[in-house]
Amino acid sequence: MSIEIKKIAVFVSGGGTNLQALIDAQKENFFQSELCLVLSNREDAYGLVRARENHIPAFTMKEEEEILQLLREHEIDLIVLAGYLKILGKKLLKTYENRIINIHPSLLPKHGGKGMYGLRVHQDVFACGEIESGATVHFVNEEVDGGKILLQEKIDITDCKTPEEIQQKVLKIEHDILKRAIKKLEEE
């Protein structure tokens, strides 16, 4: 399925470093789409501050109908989940089917699923003795971290002594792979 992407909404729940990477990529004209709004389920998400500092409308809301109305008002073509920790509702998933992507800090399908986010993922990777990790951008469906993989990049983690070291290494990949995923969708 081919979609034209012009307007992007980014959903965040925390610090928004992936959002910042997308803001920087937009400023560099890495992709043609425009970041038109940032939405969070948490009022204290620093990603909202990042958005406002870059003159991107930022909102806090949790109700599915309110979110859908906001997306319609801004004529959003693509939703990017960048550290958004709330499970999306069925109506939103259906309305934006094949138009929602997520960045996950592991090589899916390994170390994904319900409860696998943030440092928890890297702790699991570390505990399993993995020699490589990475990041995955995938389409979002009703199965947590179960959608079709769009892009994935691996990195050697044999030199990492803690889950936090893995997290830092993977975060650099996340920032790059997410902007490349948007560009890939624009080109397809």
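These legends accompany close-up views of a predicted model.

**View 1. The whole chain is built from 6 helices and 7 strands.** Starting at the N terminus, the elements run β-α-β-α-β-α-β-α-β-α-β-β-α. The radius of gyration is 16 Å, close to the 16 Å that the globule rule gives for 188 residues, so the protein is as compact as a globular protein of that length. The C-alpha trace spans about 45 × 35 × 35 Å along its principal axes. Of the 188 residues, 48% count as buried. Among contacts with a separation of 6 or more, 66% join residues 24 or more positions apart.

**View 2. The largest pocket has a volume of about 990 Å³.** Its lining is made of 41 residues. G83, Y84, L85, Y117 and G118 lie nearest the centre of the pocket. Several elements give two or more residues to the lining: α1 (17–27), α4 (90–95), β5 (100–104), α5 (119–127) and α6 (163–187). By residue class, the lining divides into 16 nonpolar, 17 polar and 8 charged.

**View 3. Helix α1 has buried residues covered by both strands and helices.** The buried residues of α1 are N18, L19, Q20, A21, L22, I23 and A25. Their cover includes the strands β1 (7–12), β2 (34–40), β4 (78–81) and β5. The helices α2 (46–53) and α6 are also part of that cover. Helix α1 also gives two or more residues to the lining of the largest pocket.

**View 4. N29 takes a positive phi just after α1.** The angle is about 55°, although N29 is not a glycine. N29 sits in the loop between α1 and β2. Is N29 buried or exposed? Its relative accessible area is 57%, so N29 is exposed, the cut-off being over 50%.

**View 5. Helix α6 has 25 residues.** From its first C-alpha to its last, α6 reaches 35 Å, close to the 36 Å expected at 1.5 Å a residue. The buried residues of α6 are P163, I166, V170, I173, E174, I177, L178, K179, A181, I182 and L185. An α-helix has 3.6 residues a turn, so residues three or four places apart point the same way. Among the buried positions of α6 are I166, V170, I173 and I177.

**View 6. V170 is a buried residue of α6.** The relative accessibility of V170 is 0%. Which residues does V170 contact, leaving aside its neighbours within four places in sequence? They are P105, H122, S133, G134, A135 and I155. One of these contacts, G134, is 36 residues from V170 in sequence. In space, the two are 5.4 Å apart, C-alpha to C-alpha.

**View 7. E63 lies in the loop between β3 (58–60) and α3 (64–73).** The residue is exposed, with a relative accessible area of 53%. How far apart are E63 and I173 in space? The C-alpha to C-alpha distance is 32 Å, and 110 residues separate them in sequence. I173 is a buried residue of α6.

**View 8. Two loops that flank β5 carry particular backbone geometry.** N98 lies in the loop between α4 and β5. Its phi is near 65°, a positive value in a residue other than glycine. At 37% relative accessibility, N98 counts as partly exposed. P109 is found in the loop between β5 and α5. The peptide bond from L108 to P109 is cis, with omega near 15°.

Methods:
Residues are numbered from 1 along each chain as its sequence is written. This is a predicted model: local features need pLDDT of at least 70, side-chain atom pairs count only at pLDDT 80 or more; totals for chains, interfaces and linings use all residues. Side-chain values use heavy atoms; hydrogens and water are left out. On a 1 Å grid over the protein atoms alone, a cavity is a set of points where a 1.4 Å probe fits but cannot get out, and a pocket is an open set with protein on both sides within 12 Å along at least five of seven lines; lining residues have an atom within 4 Å of a point. Grid points are joined across faces, edges and corners, and a volume is the space filled by probe spheres set on the points. Helices (H or I, at least four residues) and strands (E, at least two) are DSSP runs, numbered from the N terminus. Ala, Val, Leu, Ile, Met, Phe, Trp, Tyr, Cys and Pro count as nonpolar, Asp, Glu, Lys and Arg as charged, and the others, Gly among them, as polar. The expected span of a helix is 1.5 Å times one less than its number of residues. Buried means under 20% relative accessible area, exposed over 50%, partly exposed in between (1.4 Å probe, protein chains only). The radius of gyration is taken over C-alpha atoms; the globule rule is 2.2 Å times the number of residues to the power 0.38. Contact means heavy atoms within 4.5 Å.
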